[in-house]
Amino acid sequence: MEFRTIVDIPESEWKIEPMERMLFIGSCFADNIGRRFIDEKFRAVVNPYGVMYNPASILHTVNRLLEDKAMPFEQAEQGTAVFTLGTNHVYILKETGEIVDNCQKRPQRLFQEKELTVLECADCLYRAIATLLQSFPRLRFIITVSPIRYRKYGYHQSQLSKATLLLATQQLIDRMAERHQDVSAAYFPSYEIVNDELRDYRFYKPDMLHPSDQAVDYIFERLAATYFSEATHAFIKAWEPIREALNHRPFNPDSEAYKAFLIKTMEKYDALRKQYPTLS
């Protein structure tokens with residue numbers, strides 16, 4: 001007997017390899033997932049200019065990273081970019097008419113709030129991907145919608161915002177399939193996993209808005225099952241006991257037993273480095 005609905009996620013035809021170069025841009029949910037990838041030793045950059053909630057700010061981050069020559073990718077190397085969409089709401093500085101990525105605690109009267117349309121959201125994401133592909137043609141893309149609700153909009157408006165993002169994402173995927181058939185771009189259903197599989201408040205933090213650590217771990221597991229190659233699964237299995245040992249906080253760090261434990265752990269780490277030269 002099954003007591004929950006499982007979101008069906010087909011296994012991806014393309015795979016993320018061990019310690020692949022990755023870029024995560026988006027809402028605070030992108031921070032949560034991105035940190036998991038860093039923990040597993042992927043060469044990942046996560047929201048380098050801060051959290052970006054809307055598609056326009058994701059585009060701004062891509063442009064700024066290129067201007068600053070701070071992209072984590074290499075031109076001839078495979079990599080993956082992950083965009084996590086939080087809202088279609090943007091704030092426009094009245095003085096310039098430009099969408100700002102951070103109001104920097106300036107007075108509300110200086111800004112005009114606007115909701116991007118489905119087409120505007122899809123266009124921002126498409127331009128971000130097209131811009132990246134010009135410099136890094138071997139990139140693949142994962143788009144996801146954050147399951148975090150926005151109380152300040154009201155829950156109905158929050159749902160309308162998520163619906164706009166979901167429609168924009170589908171429009172983007174269809175456009176990519178039509179114009180860039182050689183580029184891999186896919187939607188990953190983080191939003192649906194939380195709302196359909198984990199629809200219980202025990203999977204939320206005390207604010208009842210943000211997914212709990214357990215929920216984030218589960219989403220990471222579903223993502224890994226979808227996108228990780230066999231080599232990546234093998235690496236993570238070998239890395240896990242070493243990572244846990246390095247994170248261990250001893251009662252007495254000066255004891256001979258702990259020093260011996262640390263030496264043995266580092267020997268295992270060095271052995272894994274020989275097997276995976278890009279491991280740092």
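Start at R175, which forms a salt bridge with D123 in this predicted model. The closest N and O atoms of R175 and D123 are 2.8 Å apart. The two residues come from distant parts of the chain: R175 belongs to helix α4 (residues 155-179) and D123 to helix α3 (residues 118-135), with their positions 52 residues apart. R175 is the buried partner, at a relative accessible area of 12%, while D123 counts as partly exposed at 28%. The general idea is simple enough: side chains of opposite charge can pair when their charged atoms come close.

Now look over at R36 and D217, whose side chains also meet in a salt bridge, this time at 2.6 Å from N to O. Here again the pair links distant stretches, with R36 in helix α1 (residues 28-39) and D217 in helix α6 (residues 213-227), 181 residues apart. R36 is buried, with a relative accessible area of 18%, and D217 is partly exposed at 32%.

Next comes R43, which meets E77 in a salt bridge of 3.1 Å, N to O. R43 sits in strand β2 (residues 43-46) and E77 in the loop between α2 (55-67) and β3 (79-85), so this pair ties together parts of the chain that are 34 residues apart in sequence. R43 is partly exposed, with 27% relative accessible area, and E77 is partly exposed too, at 26%. There's a bit of extra wiring here: salt bridges with shared partners join R21, R43, E74 and E77 into one network. Across the structure, the count comes to 15 salt bridges.

What about the cysteines? The structure holds zero disulfides. C103 is in none, and the nearest cysteine sulfur, that of C28, is 16 Å away. C103 is partly exposed, at 23% relative accessible area. As for C124, why is there no bond to C121? The sulfur of C121 is the closest cysteine sulfur to that of C124, but at 6.8 Å the gap is too far for a bond, because a disulfide needs the two sulfur atoms within 2.5 Å. C124 counts as buried, with 10% relative accessibility.

Finish on the surface, where F261, L262 and M266 form a nonpolar patch. Together these residues have about 210 Å² of accessible area. M266 lies in helix α8 (residues 256-275) and counts as partly exposed, at 31% relative accessibility.

Conventions: Residues are numbered from 1 along each chain as its sequence is written. This is a predicted model: local features need pLDDT of at least 70, side-chain atom pairs count only at pLDDT 80 or more; totals for chains, interfaces and linings use all residues. Side-chain values use heavy atoms; hydrogens and water are left out. Buried means under 20% relative accessible area, exposed over 50%, partly exposed in between (1.4 Å probe, protein chains only). Patches are made of residues with over 30% relative accessible area and no salt bridge: like charges are joined within 9 Å, nonpolar side chains (Val, Leu, Ile, Met, Phe, Trp, Tyr) within 5 Å. Accessible areas come from the Shrake-Rupley method with a 1.4 Å probe; for residues, only the protein chains shown count as cover. A salt bridge is a side-chain nitrogen of Lys or Arg within 4 Å of a carboxyl oxygen of Asp or Glu. Helices (H or I, at least four residues) and strands (E, at least two) are DSSP runs, numbered from the N terminus.
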